[in-house]
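Visitor: Please give me a close look at one part of this model, the place where the strands pair. Once we have been through that, I would like to hear how the rest of the chain is arranged.

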Amino acid sequence: MQRLYKGIQKFQKGHFAKGKKFFAKLAKRQSPDVLFFSCLDSRVNPNLLTQTELGELLIVRNVGNIIPPYTNSSNKICTAAAIEFALLDLEVKHIIVCGHSDCGSLKALYYDEKEFADMPNLKEWLNIISQVKGRVARQNSVLTHEARKKATEKEHIVAQLENLLTYPLVEKAIKEKRVNLQGWYYEIGTGDVYAYNWSKKLFEKINCSHNNEDELTEPWLAEPCMDM
Ligand SMILES: [Zn+2]
């Protein structure tokens, strides 16, 4: 804990002291452009990854960046509330679902009953995405352990994007082209980030040639989403 207390002191004397004007502005309002769904994994830091400032990303984090389908009334509340706040109150322009490599939640998806013995809540939560295993198995008949892990992580992101589209507010905003929807896969060991290409149905590495906003939005989001 001492490490955290010292961190607060360091923040106040350093970062905060140097940016007093910025924090005074932040204290009055926020106007993020992006609603960012992320796993709770300690190695994933959306602001660090995207080099954005405080106030730019509205971040929803949970175990395995799961978006319960809108029809799942008991589990959708947090996600649905965040979507209402983001789209109606803050009018964000982008929604990103960011998964990552070596995701512990997705490893747990393959646990057997014994391994879940003391974790009934984790079991129930992961049950929301149990169909991802079937999707991976149907697409790949034989996979090494490592390949199955990666395939599960990526297929999971696509499934969560599909779940997001079950939220009436999201569906409407996309149809009206007020919001873009992207699925990202973050490779922790390389720092690479891949974005889901809706037309090609695969993940493509985000690189310098994709620095044009139109390139990013048109093929990946608005058009393909409209067809779904
Ligand atoms: Zn994770």
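Guide: Let us begin at a single pair of residues: N197 stands opposite L202 in β6. Please keep in mind that this is a predicted model. The partner of β6 here is strand β5, residues 193–197, and the two pair in the antiparallel sense over 4 bridges. They form a hairpin with 4 residues between the strands. Within this hairpin, K201 takes a positive phi near 55°, so that backbone angle is a good one to look up on your screen.

Now step back from the hairpin to the sheet. It is an open sheet of 6 strands, and reading across it you meet the order β2-β1-β3-β4-β5-β6, with mixed pairing. Strands β2 (57–62) and β6 (202–205) are the edges, each pairing on one side only. On average, neighbouring strands of this sheet are turned by 30° against each other, direction ignored. For a parallel pair to set beside the antiparallel hairpin, look at β1, residues 34–39, and β3, residues 94–100, which pair over 5 bridges. There V34 stands opposite H94 in β3. As you follow any of this, it helps to recall that side chains in a regular strand alternate between the two faces of the sheet.

The strands share the chain with helices: in total there are 10 helices and 6 strands. Two packed helices are described by the angle between their axes and the distance between the axes. Take α4 (residues 77–89) and α9 (residues 168–175), which pack at about 35° with their axes 10 Å apart, in a left-handed crossing. On the α4 side the contact is made by I83, E84 and L87, and on the α9 side by L169, V170 and A173. By class these residues are 5 nonpolar, no polar and 1 charged.

A second pair is α7 (residues 131–139) with α8 (residues 145–164), whose axes lie 9 Å apart at an angle of about 120°. Those two helices are therefore oblique to each other, and their crossing is right-handed. V132, R135 and V136 of α7 meet R148, A151, T152, E155, H156 and A159 of α8. This contact has 4 nonpolar, 2 polar and 3 charged residues.

Finally, the overall dimensions. Along the principal axes, the C-alpha atoms of the protein chain fill a box of roughly 55 × 45 × 40 Å. A compact globule of 228 residues would have a radius of gyration near 17 Å, and the 19 Å of this chain agrees with that.

Methods: Residues numbered from 1 in each chain as written. Predicted model: local features only at pLDDT ≥ 70, side-chain atom pairs only at ≥ 80, totals over all residues. Pairing = 2+ DSSP bridges. Axes fitted to C-alpha atoms, helices over the stretch in contact; angles between N-to-C directions. Parallel < 35°, antiparallel > 145°, perpendicular 65-115°, else oblique. Left-handed = near helix turned anticlockwise from the far one by under 90°. Contact = placed C-beta atoms within 7 Å. Nonpolar A, V, L, I, M, F, W, Y, C, P; charged D, E, K, R; others polar. Rg over C-alpha atoms; globule rule 2.2 N^0.38 Å.
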